[in-house]
Amino acid sequence: MNILGHEHNRNGASGELAAEGPELVYQKCMAIASNLWWCWHPEVLHLFRDIDPVRWRELDHNPIALLREFTPESLAYRANERVLHSRINYAYRRLQEYLASNSTWAHTHAGVLGSKPVAYFSAEFGLHESLPIYSGGLGVLSGDHIKSASGLGIPLVGIGLFYNHGYFKQRLSADGYQSEEYIEHNVENLPLTPARTASGSPFVVRLETRSGELFAKVWKLSVGRVTLFLLDSNFETNRPEDRELTSRLYGGDERTRIRQELLIGVGGIRILHAMGISPGAYHLNEGHSAFATLEAVRLRMEDDGVSFEDAQRDIADSTLFTTHTPVPAGHDRFPADLIEEHLGPLRDRLGISHEHLMSFGRVNPGDHQEPFCMTVLGLKLSRRANAVSQLHGHISRRMWRALWPNREENAIPIGHITNGVHVQSWLAEQMRQLYDRHFPAHWTNHMGEPGVWQSIHQVDPGELWETHNALKNMLWSFVRRRLVRQMSQRNESQESIDLATRVGNPAALTIGFGRRFATYKRANMIFRDLDRIATIVNDPTRPVQILFAGKAHPKDEPGKRFIQEIANLRGDSRFAGKVVFVEDYDINVCRHLIQGVDVWLNNPRRPLEASGTSGQKVILNGGLNLSILDGWWAEAFNGSNGFAIGKGTSHVEDRITDERDANNLYEVLETQVIPMFFERDEDGLPAAWIQRMRNSISTLAWRFSSHRMVMDYARMGYVPASGGVSSSMD
Ligand SMILES: *Cc1c(COP(=O)(O)O)cnc(C)c1O
């Protein structure tokens with residue numbers, strides 16, 4: 001990757017530039033932009049921004065799209081003008097050093113992984129807003145997972161799909177109804193290169209089905225030290241409908257889904273084989289990719305001449321399966337005919353009957369009516385399985401106990417590894433500078449360890465409060481900008497646009513709520529009693545404002561009505577300017593929200609939130625969580641590091657649970673959150689609140705970091721699966 005090999009010497013303009021020709025400057029910038037490493041290094045990201053701040057924003061923070069608007073000469077000229085040359089050289093050198101370094105956690109703690117990488121399968125990867133291959137929480141989790149694997153030096157290869165239309169852009173009509181717009185992304189503007197075989201030709205995956213062949217091209221993407229392979233069905237020899245297969249995330253019907261899952265699972269294993277990669281462990285992140293196990297079994301049988309049973313046991317020994325949803329409808333199920341059509345040719349080579357194959361996807365193999373469930377396949381063909389929080393572990397063991405009829409519920413072999421977030425991706429720069437001043441040197445190398453975060457108790461309360469307030473102001477300027485844009489697009493009156501330029505009272509308590517609008521997340525819960533919440537937000541001495549963002553799945557009508565209900569509150573004078581809906585939630589909107597809110601509200605219907613991660617991003621930036629004791633919060637809350645809604649119980653009737661939870665939310669707001677926020681000491685600081693911010697950072701930041709999470713996966717999953725010493729997941 002070293003492009004310095006051939007020295008260009010076009011003696012161009014004066015100064016710094018004289019030493020390096022424009023071609024070389026351009027190539028260095030492109031090399032940096034081509035590895036997503038840049039996106040979690042603020043100083044590199046700001047380098048791109050400083051090339052052209054306006055275009056940077058307009059282009060969704062996409063450095064390749066930005067650079068392609070320049071010629072080498074015009075870029076070098078701009079770099080000269082803005083004195084960027086030494087920053088370009090520094091960033092380039094740091095990337096090279098990062099890629100070459102082997103003083104990593106894995107080098108000392110997970111040596112057994114050695115040259116046999118972990119193959120990590122996920123249907124979506126949320127790495128950055130400029131790369132549209134994610135829809136929500138699952139994708140962002142996978143993105144954070146591979147960023148931490150890179151940081152920790154864990155040899156890992158990712159497998160996913162390339163969606164050239166990505167997920168939709170959300171707009172709300174004048175009456176608050178969501179519409180979806182799909183944008184075709186230009187691959188030339190993305191950091192993707194064709195994956196090539198040893199002979200140098202672009203690699204194409206070819207899959208046989210009973211109804212014809214299916215092809216996919218393969219893109220390669222670098223995320224720090226990790227490589228990701230993405231399958232793309234938009235290939236000439238495919239039938240027109242198959243060319244569309246991977247165009248959208250979670251679009252289409254059952255048939256689209258099984259074909260996408262055939263691509264990622266079976267196609268994914270074929271890629272690894274063609275690239276000469278023999279994984280030490282397979283990690284299936286959710287059931288979408290579970291067909292991978294069957295193809296890995298076939299390869300093992302054909303390469304080593306072992307029986308189906310032996311190969312199946314070997315592959316299971318090296319496979320980890322992570323389940324993510326406690327909602328029964330959230331697990332993919334396919335009828336027998338679709339399975340036979342798509343897996344038939346593979347089944348022939350495995351030498352097993354249709355019923356035998358179906359039995360791997362059935363809880364009750366004797367039930368010929370039972371559809372084929374991808375989660376069941378994942379659980380049956382992996383030796384290690386986990387849920388994504390402690391509570392979700394309990395729920396999953398109960399949910400799947402029929403698979404192990406002779407075991408007690410607590411002996412069902414599904415453990416848990418609680419999700420975490422990639423600190424450097426979600427931490428605001430101002431906050432990082434504060435940590436840099438007070439934390440031990442090189443603290444970012446030890447983010448998953450509790451010790452470093454204790455230093456937050458030495459930080460002066462005034463300094464912490466000031467930093468937080470600066471971030472809150474930045475959030476509100478972002479919100480105002482977005483509101484004006486979305487209102488102008490709807491041709492709203494100048495009067496209401498003027499109002500939007502004034503929203504955001506810096507003295508008010510700012511509550512944020514941003515996530516998918518799945519109905520179980522109950523986004524509208526705080527509006528259950530409109531008079532009560534109107535009184536809360538309109539208290540002249542203790543004002544409150546609430547920010548909302550989130551997309552509903554295109555087919556989720558009830559979710560869309562929740563959005564409409566909230567968005568339309570702007571027409572109610574009690575809430576105008578105080579309850580604000582920001583359109584088009586994505587990684588960028590999420591980052592602004594979680595870096596600037598005082599309180600992050602989360603009120604799912606327990607126990608349906610398997611983990612949740614957005615609240616973990618808030619911790620790092622000094623916000624406090626106000627949440628139902630569900631998912632990660634059930635194991636995180638200790639009485640003084642945030643706020644709990646309810647007592648961690650739910651009624652069998654949803655109606656009653658909802659009523660109770662809403663009342664409890666109001667009560668906690670009125671008696672705990674609001675009084676504590678507005679109680680000021682002689683210095684004008686909310687001392688008790690700031691203490692809670694420090695408790696939150698010191699007790700939670702390390703535990704809910706993806707560095708801790710990936711170290712857990714390595715110790716309890718990857719190392720034992722690759723033949724190292726095992727440790728328990730429970
Ligand atoms: C972090 C994140 C999520 C996950 O949020 P939850 O509150 O855990 O559902 C979803 N979408 C985006 C864009 C995110 O950044």
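# A tour of pockets, rings and unusual backbone

Start by selecting His 61, which counts as buried at 15% relative accessibility. The model you have open is predicted. His 61 sits in the loop between helix 3 and helix 4 (63-67). Display its backbone: phi is positive, about 60°, although the residue is not a glycine. Most residues other than glycine have a negative phi.

**The second largest pocket**

Keep His 61 selected and add Trp 56, Glu 129, Asn 588 and Arg 591; of the 50 residues that line the second largest pocket, these five lie nearest its centre. The space in this pocket is about 1,400 Å³. To show the elements that each give two or more residues to the lining, colour helix 2 (42-51), helix 3 (53-58), strand 3 (169-172), helix 17 (423-426), helix 18 (429-438), helix 20 (461-489) and helix 24 (587-596). Which element gives the largest share of the lining of the second largest pocket? That is helix 20, with seven residues. Coloured by class, the lining of the second largest pocket shows 20 nonpolar, 14 polar and 16 charged residues.

Go next to Gln 424, in helix 17. Gln 424 counts as partly exposed, with 21% relative accessibility. Draw a distance from its C-alpha to that of Leu 620: the two are 9.6 Å apart in space and 196 residues apart in sequence.

**The largest cavity**

The whole structure holds eight cavities of 30 Å³ or more. Go to the largest cavity, with a volume of about 60 Å³. Select its lining: Leu 207, Glu 208, Leu 262, Val 266, Arg 270, His 342, Leu 343, Pro 345 and Leu 346. At least two of the lining residues come from each of strand 6 (204-209), helix 10 (254-274) and helix 13 (336-350). Helix 13 contributes the most, four residues. By class, six residues of this lining are nonpolar, one is polar and two are charged.

**Aromatic rings**

There are 30 aromatic pairs in the whole structure. For one of them, select Phe 527 and Phe 548: the centres are 5.7 Å apart and the planes meet at 40°, a tilted pair. The two come from distant parts of the chain, 21 residues apart, with Phe 527 in the loop between strand 15 (509-514) and helix 22 (530-537) and Phe 548 in strand 16 (residues 544-549). Are these rings buried or exposed? Phe 527 is buried at 6% relative accessible area, and Phe 548 is buried at 0%.

For another geometry, move to Trp 632 and Trp 633, whose planes stand at 65° with ring centres 5.1 Å apart, so this pair is edge-to-face. Trp 632 and Trp 633 are both buried.

Return to Phe 527 and Phe 548 and add Phe 513, Phe 517, Phe 575 and Phe 581; ring pairs link these six into a cluster.

Stay in the loop between strand 15 and helix 22 to find Arg 522. Here too phi is positive, about 50°, in a residue that is not a glycine. Arg 522 is buried, with 4% relative accessible area.

**Charges over rings**

Select Arg 225 with Tyr 98: the charged end of the arginine sits over the ring, 4.0 Å from the ring centre. Then take Arg 248, which lies over the face of Tyr 182 at 3.6 Å from the ring centre.

**Cysteines**

Show the cysteine sulfurs. How many disulfides does the whole structure have? A search finds zero. Why has Cys 29 no bond to another cysteine sulfur? The closest one belongs to Cys 39 and is 17 Å away, too far for a bond. Cys 29 is buried, with a relative accessible area of 1%. Cys 373 also counts as buried, at 2% relative accessibility.

**A cis peptide and a loop contact**

Move to the peptide bond from Arg 606 to Pro 607, which is cis, with omega near 0°. Most peptide bonds are trans. Pro 607 belongs to the loop between strand 18 (599-602) and helix 25 (614-620).

Finish at Asp 683, in the loop between helix 27 (654-678) and helix 28 (687-700). Asp 683 is exposed, at 60% relative accessible area. Its C-alpha is separated by 8.6 Å from that of Gly 462, 221 residues apart along the chain.

How values were computed:
Residues numbered from 1 in each chain as written. Predicted model: local features only at pLDDT ≥ 70, side-chain atom pairs only at ≥ 80, totals over all residues. Heavy atoms only, no water. 1 Å grid on protein atoms, 1.4 Å probe; cavity = no way out; pocket = protein on both sides within 12 Å on 5 of 7 lines; lining within 4 Å. Points joined across faces, edges and corners; volume = space filled by probe spheres on them. Nonpolar A, V, L, I, M, F, W, Y, C, P; charged D, E, K, R; others polar. Phe/Tyr/Trp six-rings, centres within 6.5 Å; stacked < 30°, edge-to-face > 60°. Buried < 20%, exposed > 50% of the residue type's maximum accessible area, 1.4 Å probe, protein only. Lys NZ or Arg CZ within 6 Å of the ring centre and 35° of its normal. Disulfide = S-S within 2.5 Å.
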